[in-house]
Amino acid sequence: MTDQQTPNPPDHARPEQATDEEVAAAGKLSEALETVERARGRLYDFHQLIGHADLMLDEAVQKLRDAGRDDIAEQVEKELVGRNVLHGRWTFQIVEDFDDHYWSTFRDCEATVRGQLCGGRRHVFESEMKESRRTHGQPRHEARP
């Protein structure tokens with residue numbers, strides 16, 4: 001494909017009826033979803049870190065027992081091992097609730113809006129930004145692979 005041909009692949013091209021405002025709005029909603037995706041990753045980090053810390057408590061308890069401090073070992077077991085991080089919840093329950101009641105709804109809403117405004121095409125706003133910012137004919141500034 002030469003630089004003179006259509007720069008944006010069809011799956012990123014703006015539908016004829018889409019206005020600048022609609023493309024910008026869909027782009028901003030997609031950007032918000034990307035931020036939620038990043039937060040979700042951090043939530044999964046939290047989930048795994050807390051789980052790892054809980055398993056490390058077993059080793060700490062054993063070391064306390066080995067040091068002859070059964071009293072403190074029992075306190076740590078009673079207070080911390082298997083403790084809920086939120087009322088009635090371990091982190092897997094937090095992750096599941098987030099996924100089921102926020103993240104999935106956010107993704108569905110973003111897809112619906114993108115479908116209504118951009119014909120379901122992803123990254124239309126970014127594709128147009130790329131086209132406006134690249135240097136035509138310059139190596140490593142091609143419209144697409």
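**Exercise 1. Place Tyr44 in this predicted model: which helix holds Tyr44, and what does Tyr44 touch?**

Solution.
- Step 1. Tyr44 lies in helix α1.
- Step 2. Take its accessibility. The relative value is 27%, so Tyr44 counts as partly exposed. The cut-offs matter here: buried means under 20%, exposed over 50%.
- Step 3. Look for contacts, leaving out residues up to four places away in sequence. Tyr44 touches Val95 and Asp99.
- Step 4. Compare with Gly119, 75 residues along the chain from Tyr44. Their C-alpha atoms are separated by 32 Å.

**Exercise 2. Asp99 appeared among the contacts of Tyr44. Is Asp99 buried or exposed, and with which residue does Asp99 form a salt bridge?**

Solution.
- Step 1. The relative accessible area of Asp99 is 11%, so this residue is buried.
- Step 2. Its salt-bridge partner is Arg40, with the closest N and O atoms 2.8 Å apart.
- Step 3. Arg40 sits in α1 and Asp99 in α3, so the pair ties together parts 59 residues apart in sequence.

**Exercise 3. Count the salt bridges, then examine the pairs of Arg107 and Arg114.**

Solution.
- Step 1. The count is 11 salt bridges.
- Step 2. Arg107 meets Glu37 at 3.4 Å, N to O. This pair links distant parts of the chain: Arg107 is in α3, Glu37 in α1, 70 residues apart.
- Step 3. Check exposure. Arg107, at 40% relative accessibility, counts as partly exposed. Glu37, at 28%, also counts as partly exposed.
- Step 4. Arg114 meets Glu110 at 2.9 Å, N to O. Both lie in α3, 4 residues apart, about one turn of the helix.
- Step 5. Why does that spacing suit a pair? Residues three or four places apart in an α-helix point the same way, because there are 3.6 residues a turn.
- Step 6. Arg114 and Glu110 are both buried.

**Exercise 4. Which residues of α4 are buried, and where do they pack?**

Solution.
- Step 1. Helix α4 spans residues 124–133, and its buried residues are Val124, Ser127 and Glu131.
- Step 2. Down the helix axis, they fall within an arc of 65 degrees, so they line one face of α4.
- Step 3. The face turned away carries the exposed residues Ser132 and Arg133.
- Step 4. The buried residues pack against α1 (20–66) and α3 (91–118).

**Exercise 5. How many cavities of 30 Å³ or more are there, and which helix gives the largest share of the lining of the largest cavity?**

Solution.
- Step 1. There is 1 such cavity. The volume of the largest cavity is about 60 Å³.
- Step 2. Its lining includes Val23, Arg114, Val124 and Glu126.
- Step 3. α1, α3 and α4 each supply at least two lining residues. The largest share, 4 residues, comes from α1.
- Step 4. By class, the lining has 5 nonpolar, 3 polar and 4 charged residues.

Definitions and conventions:
Residues are numbered from 1 along each chain as its sequence is written. This is a predicted model: local features need pLDDT of at least 70, side-chain atom pairs count only at pLDDT 80 or more; totals for chains, interfaces and linings use all residues. Side-chain values use heavy atoms; hydrogens and water are left out. Buried means under 20% relative accessible area, exposed over 50%, partly exposed in between (1.4 Å probe, protein chains only). The arc is that of the directions from the helix axis to the C-beta atoms. Contact means heavy atoms within 4.5 Å. On a 1 Å grid over the protein atoms alone, a cavity is a set of points where a 1.4 Å probe fits but cannot get out, and a pocket is an open set with protein on both sides within 12 Å along at least five of seven lines; lining residues have an atom within 4 Å of a point. Grid points are joined across faces, edges and corners, and a volume is the space filled by probe spheres set on the points. Ala, Val, Leu, Ile, Met, Phe, Trp, Tyr, Cys and Pro count as nonpolar, Asp, Glu, Lys and Arg as charged, and the others, Gly among them, as polar. A salt bridge is a side-chain nitrogen of Lys or Arg within 4 Å of a carboxyl oxygen of Asp or Glu.
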